[in-house]
Amino acid sequence: MTKEPDNLKPVKRYKELDALRGLAAILVVFFHCTMGRPAYNSFFKLGTTGVDLFFVISGFVIFMSLQKVTRGVDFVINRVSRLYPTYWACVTFTFLTITCYSLHYNIPDYDKNVIPYLGNLTMFQLYLKLPDLDGPYWTMIIEMLFYIFMLILFEIKWLKYLKAIGIILCSSAVIYTHYFLEVGCLKGVLELVPLVQFLPLFFAGTTFYTLYTKRDNLIFNYSIILFCFICQILLFPYSGPAHFFISAAEYSVMLFIYFVLFILLINNRLTFIVNKATLFLGKISFALYLVHQFFSLKIIIPLFCDIYGWNFWVVIVFIDFPIIIGIATLITYQIEIPYSAKMKNLLHKIFAKPS
């Protein structure tokens, strides 16, 4: 393994990042659970930005992960083994839930979900022209495209040019969305490459990691953070579903909060959010993010609120949350932790570095 430069801190697991993951997941859960209920959603609609926080975290983590490997294949193994066991379990759970729901309500052609289910298992259903089986899945292809992009830069040894590349790509994304969105062969780029909509968030995450590990060029790096912030606000009308639920001003405030949280993190001032609850939520955040929407919105909330007439918050706090957190915990500890490790070991054996 190559020796780390003296000005780099040892790579470690950041509890603050785990806590932020938990925060992001809970924001998204509250947003989805209050959808269609204006009396509750007027505030919790801000939770639609939880995915933006996830994207900044991903930029930080992926750039950090690439500092730990010497081969691109090791990065791929780490990502595949980290994501797919949990993802497959969650997609399967949701597919079975949708199937049972369809059978119970005599919804015709429920068997047509089998092909979308199989396609969703790849995470590349967008390019298979298949619908997402559940709402949150739309973000997975964005994450995957970012991983592929960073892997390419790693393989061609261009990570050292990441700042220049990021500035060029973020600027191009803003210019494209404002002036060339409907121009000829450029039409449809956002649908084909949805990563474009969120590039500044991922780029900000990589810059935050640089700021944490290297305490030089502070003015330049913080200027890049500001640049990313402005670019993402300019991309807001074109970035994901958030603009259907909140205003540009509300989005700007939430994005500002997330960037401030990261500034606190890189300056070791974010330990106040670390506790057993946030760390636990961070631990199960991936599974929680993936399983909650259909199960909550189509099964639990309609059953207890609309049919039985129970109070909405009683249902959310004492029924829905315990169930979805329990399911996410089960998937995390019974599938993610053991099978991610097994898959990682197996893949490392298959793709062992020649001696």
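Here are two short exercises on this predicted model, each with a worked solution.

**Exercise 1: cysteines**

Work out how many disulfides the structure holds, and say why Cys 90 and Cys 305 fit that count.

*Solution*

Step 1. Start with the cut-off: a disulfide needs two cysteine sulfur atoms within 2.5 Å.

Step 2. Take Cys 90 and look for its closest cysteine sulfur. That sulfur sits in Cys 33, 15 Å away, so the gap is too far for a bond.

Step 3. Do the same for Cys 305. Its closest cysteine sulfur also belongs to Cys 33, at 9.9 Å, and that is again too far for a bond.

Step 4. Now put down the total: the structure holds 0 disulfides.

Step 5. While you're there, check the surroundings. Cys 90 is buried, at 0% relative accessibility. Cys 305 is buried too, with a relative accessible area of 12%; the cut-off for buried is under 20%.

**Exercise 2: a helix pair**

Describe how helix α7 and helix α9 pack: which way do they run, and which residues meet?

*Solution*

Step 1. Find the helices: α7 covers residues 162–179 and α9 covers residues 199–213.

Step 2. Get the geometry. Their axes come within 10 Å and cross at roughly 155°. Angles over 145 degrees count as roughly antiparallel, so that's what α7 is to α9.

Step 3. Add the handedness: α7 passes α9 in a left-handed crossing.

Step 4. List who touches whom. From α7 come Leu 162, Lys 163, Gly 166, Ile 167, Leu 169 and Cys 170; they meet Leu 199, Pro 200, Phe 203, Thr 206 and Thr 210 of α9.

Step 5. Sort that contact by class, and you get 7 nonpolar, 3 polar and 1 charged residues.

Note on methods. Residues are numbered from 1 along each chain as its sequence is written. This is a predicted model: local features need pLDDT of at least 70, side-chain atom pairs count only at pLDDT 80 or more; totals for chains, interfaces and linings use all residues. Side-chain values use heavy atoms; hydrogens and water are left out. Buried means under 20% relative accessible area, exposed over 50%, partly exposed in between (1.4 Å probe, protein chains only). Axes are lines fitted to C-alpha atoms, for helices over the stretch in contact, and angles run from 0 to 180 degrees between N-to-C directions. Helices (H or I, at least four residues) and strands (E, at least two) are DSSP runs, numbered from the N terminus. Angles under 35 degrees count as roughly parallel, over 145 as roughly antiparallel, 65 to 115 as roughly perpendicular and the rest as oblique. A crossing is left-handed if the near helix is turned anticlockwise from the far one by less than a right angle, and right-handed if clockwise. Contact means heavy atoms within 4.5 Å. Ala, Val, Leu, Ile, Met, Phe, Trp, Tyr, Cys and Pro count as nonpolar, Asp, Glu, Lys and Arg as charged, and the others, Gly among them, as polar.
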